[in-house]
Amino acid sequence: MSVANGRSLLAIPGPTNIPDRVLQAMMRPAEEIYSGPMEALTAGLMDDLRFVFGSKAARTYIYPANGHGGWEAALTNVLSRGDKVLVLASGRFALGWGEMAEFMGAEVEVLEGSWRAAVDPAAVEERLRRDREHAIKAVLVVQIDTASGVANDIAAIRKAIDAAGHPALYMVDAVASLACMPFEMDAWGIDVAMSGSQKGLMTPPGLAFVAASEKADAVHKSANMRTPYWDWTARQGKLHYMKYCGTPPEHLLFGLRAALDMIKEEGLPAICKRHALLAGATHAAVSTWAEGQALSFNIIEPAQRAASVTPVLLKGIAADPITEFAQKICGVTLGSGIGDLTGKALRIAHMGHCNAPMLLGTLGAIEMALQGLKVPHGAGGVSAAVNYLGERAAG
Ligand SMILES: *Cc1c(COP(=O)(O)O)cnc(C)c1O
């Protein structure tokens, strides 16, 4: 018997639940694209994206593309063929970005990491110190790896690069972390930051964002991987049409405008606090269920667990029956494991447009599935989450 009728929820790490206000902002006719209101809309979005990235001076770019497009946009603008790139592995996503760089003609070295822990800044420093000729031109890392559920310490990695006295560009993927946890492009010395619309930014998939520091802009001038569509220089001119290298993705921009308004109204500190609380509640539930020895956290060190997504490892039980139960019987779509965790994990996303009842409903659906499928688990995961929130959210 299904109890799934009612509003269904997405608890996958992208796309995420889209606020009604964002959807409604898109329900309107198209605009003329060369002047007037669209120019003002674009200028405001560029400013607000700069603010969300934590920068005062970075140049921002909006591409009609998904996150992978944002990766390519970032790489093509600052790399030259044969450049060496150091990829800091901590799951799937930095590796994917590095594979793209290799395809495009860079020489890619992976600093091996663990799927169960954050990048070690000391290892980064040690590797960069050995690069005496400064052959490495860019360091690539993700803030939150959506596959492993790790949150890397972006400020600490910057310090490691500085401690090694290395001039490489510091390039950070913030697709699953922007507007979920603090991101400080200027304060952390990030040269190129990128993100996408469909995760913490609560907008439909289809927009990629890149922010570039002055240093990145200088490197860009002589980069030879540039191509017309992604090119920053072409997008820096006055002509509005060229800001998108063609017709702007108008309706996605209308949606993004509404989402950024919501973000500014709630405020980034409150948004980060909300995500931290919801993540903490999720951890309280998973810790309780883990007492049954059938499931556990993927990321071992609690402080390294992401604020936006929690992958849960399954020991000797299949993920599919749990995700199917949650979806068909409860109306909640959970994430499944990807990369090394394919078939071995489920992922609970708590990012973007998510509040306590949405999260508690998701956790409740999982607990129902554990119960219904007779998976051994510690009882009371949902009440642990309720207690966690009840104690902390009141103040
Ligand atoms: C989702 C995601 C991407 C890729 O975004 P797509 O829109 O699926 O191309 C890249 N990096 C991270 C960290 C992500 O979570």
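Tutor: Before we begin on this predicted model, note that two strands count as paired if DSSP finds at least two bridges between them.

Student: With that definition, how many bridges join strand β3 to β5, and which residue in β5 stands opposite valine 87?

Tutor: Strand β3 covers residues 84-88 and runs parallel to β5, with 4 bridges joining the two. Within this pairing, the residue of β5 that stands opposite valine 87 is leucine 140.

Student: Which strands stand at the edges of the sheet?

Tutor: The open sheet has 7 strands with mixed pairing, in the order β2-β10-β9-β8-β5-β3-β4. Each edge strand has a single partner strand, so one side of it is left without a neighbour in the sheet, and the strands in question are β2 (59-64) and β4 (107-111).

Student: What angle does the direction of helix α4 make with that of β5?

Tutor: Helix α4, residues 93-103, packs on the sheet and touches β3, β4, β5, β8 and β9. Its direction makes an angle with that of β5 of about 145°.

Student: Is alanine 179, with its positive phi, buried or exposed?

Tutor: Most residues other than glycine have a negative phi. Alanine 179, in the loop between β8 (169-173) and β9 (192-196), nevertheless has a positive phi of about 60°. Since buried means under 20% relative accessible area, and alanine 179 has 4%, this residue is buried.

Student: Where is the cis peptide bond that involves proline 15, and what is its omega?

Tutor: Most peptide bonds are trans. Proline 15 is found in the loop between β1 (9-11) and α1 (20-25). The cis bond runs from glycine 14 to proline 15, with omega near -5°.

How values were computed. Residues numbered from 1 in each chain as written. Predicted model: local features only at pLDDT ≥ 70, side-chain atom pairs only at ≥ 80, totals over all residues. Heavy atoms only, no water. Buried < 20%, exposed > 50% of the residue type's maximum accessible area, 1.4 Å probe, protein only. Contact = heavy atoms within 4.5 Å. Axes fitted to C-alpha atoms, helices over the stretch in contact; angles between N-to-C directions.
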